[in-house]
Amino acid sequence: GLAACIGTKSQLEAYRTLFVAEISEDVGVTGSLYSAIIEAAGRVASLQPDFADKAHEFALSLYRTLRDSEIVPPPEAYSGLMAITAAMGESTKAFAFFHEAKLLHTAQKLPPELYTNLLRSYVVGGFSQDALDTFEVLLEAQAPLNRQAFHIILQSAVSLRDCYDILNLMV
């Protein structure tokens with residue numbers, strides 16, 4: 001739907017205004033709609049980190065509404081929340097959302113973006129070694145990783161030797 005097209009803070013703000021004023025009452029609480037909006041907030045926060053605090057506030061309110069309505073948030077909602085906390089440099093919060101997603105959903109159903117946002121949160125938070133250690137575990141466990149995960153790990157390399165080590169893990 002419309003939420004999947006949101007990519008800027010002005011679009012998210014406009015959607016938020018529309019959602020609060022009209023959509024939420026007419027449509028009701030659904031996991032797929034709320035998850036799509038949380039994902040959109042995560043995209044905006046990733047692209048515009050200066051907006052992460054507002055995106056976080058909005059996404060958390062939707063997440064809490066899902067939980068209060070006894071609806072298990074879909075894995076994509078957790079991925080969106082983790083994208084926001086990564087943009088904020090809050091790796092501890094991102095890991096908490098990751099842990100909750102793993103408890104509620106089987107690992108096979110977790111989207112690659114969830115793992116990418118976990119790695120991003122470590123790197124942005126200044127924990128590059130934790131990101132690399134986690135990356136190694138994810139590779140060993142054959143987690144579904146996307147290109148962004150590999151890119152994030154390569155970006156975190158501080159030396160040429162780190163790059164070689166990372167590239168060796170990838171082959």
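Helix α3 makes a good entry point to this structure, with A52, A55, H56, F58, A59, L60, L62, Y63 and L66 among its residues and each of these nine buried. The model is a predicted one, and the description below moves from this helix to its surroundings. Helix α3 covers residues 52–68, and its 17 residues should span 24 Å at 1.5 Å a residue; the end C-alpha atoms are 24 Å apart, so expectation and model agree. Just after α3, E70 adopts a positive phi of about 60°.

Stepping back to the whole protein chain, the model has nine helices and zero strands. Read from the N terminus, the order of elements is accordingly α-α-α-α-α-α-α-α-α. The protein chain has 171 residues, and 42% of them count as buried. Its accessible surface comes to about 9,100 Å², and carbon and sulfur atoms account for 54% of that area. Contacts across the sequence are also informative: among those between residues at least 6 apart, 64% join residues at least 24 apart.

Helix α4 is a mostly covered element, as eleven of its 13 residues are buried. The buried residues are P75, A77, Y78, S79, G80, L81, M82, A83, I84, T85 and A86. Their cover includes α2 (31–47), α3, α5 (91–104) and α6 (112–124). In length, the 13 residues of α4 should span 18 Å at 1.5 Å a residue, and the end C-alpha atoms lie 19 Å apart, which agrees. Just after α4, G89 takes a positive phi of about 75°.

One residue of α4 can be followed in detail. T85 is placed in this helix, which runs over residues 75–87. T85 has a relative accessible area of 0% and therefore counts as buried, the cut-off being under 20%. The T85 side chain reaches the backbone oxygen of M82 at 3.1 Å. Leaving aside residues up to four places away in sequence, T85 touches H56, E90, K93, A94 and F97. One of these partners, H56, is itself among the buried residues of α3.

A second buried position is found in helix α6, where Y115 lies. The relative accessible area of Y115 is 4%, so this residue counts as buried under the 20% cut-off. With residues up to four places away in sequence not counted, Y115 touches F98, A107, L110, L138, A143, P144 and L145. Y115 also illustrates how separate stretches of the sequence are brought together: Y115 and S79 are 36 residues apart in sequence, while their C-alpha atoms are 8.1 Å apart in space. S79 is one of the buried residues of α4.

Charged side chains contribute two salt bridges to the structure. In one, the side chains of R67 and E100 meet at 2.3 Å, N to O. This pair links distant parts of the chain, with R67 in helix α3 and E100 in helix α5, 33 residues apart. R67 has a relative accessibility of 37% and so counts as partly exposed. In the other salt bridge, R161 pairs with D165, and the closest N and O atoms are 3.6 Å apart. R161 and D165 are separated by about one helical turn because they stand four residues apart in helix α9. As a general point, an α-helix has 3.6 residues a turn, so residues three or four places apart point the same way. Of these two partners, R161 counts as exposed because its relative accessibility is 56%, and D165, with a relative accessible area of 33%, is partly exposed.

Helix α9 also takes part in a nonpolar feature of the surface. L154, L160, Y164 and L167 make a nonpolar surface patch of about 380 Å². Helix α9, which covers residues 160–170, gives the most to this patch, with three residues. Y164 is found in helix α9, and its relative accessible area of 46% makes this tyrosine partly exposed. Helix α9 thus holds the R161 and D165 pair as well as three residues of the nonpolar patch.

Terms used:
Residues are numbered from 1 along each chain as its sequence is written. This is a predicted model: local features need pLDDT of at least 70, side-chain atom pairs count only at pLDDT 80 or more; totals for chains, interfaces and linings use all residues. Side-chain values use heavy atoms; hydrogens and water are left out. Helices (H or I, at least four residues) and strands (E, at least two) are DSSP runs, numbered from the N terminus. Buried means under 20% relative accessible area, exposed over 50%, partly exposed in between (1.4 Å probe, protein chains only). A polar contact is a pair of N or O atoms within 3.5 Å; within protein, one must be able to donate a hydrogen and the other to accept it, and residues adjacent in sequence count only if both atoms are side-chain atoms. Contact means heavy atoms within 4.5 Å. The expected span of a helix is 1.5 Å times one less than its number of residues. Patches are made of residues with over 30% relative accessible area and no salt bridge: like charges are joined within 9 Å, nonpolar side chains (Val, Leu, Ile, Met, Phe, Trp, Tyr) within 5 Å. Accessible areas come from the Shrake-Rupley method with a 1.4 Å probe; for residues, only the protein chains shown count as cover. A salt bridge is a side-chain nitrogen of Lys or Arg within 4 Å of a carboxyl oxygen of Asp or Glu.
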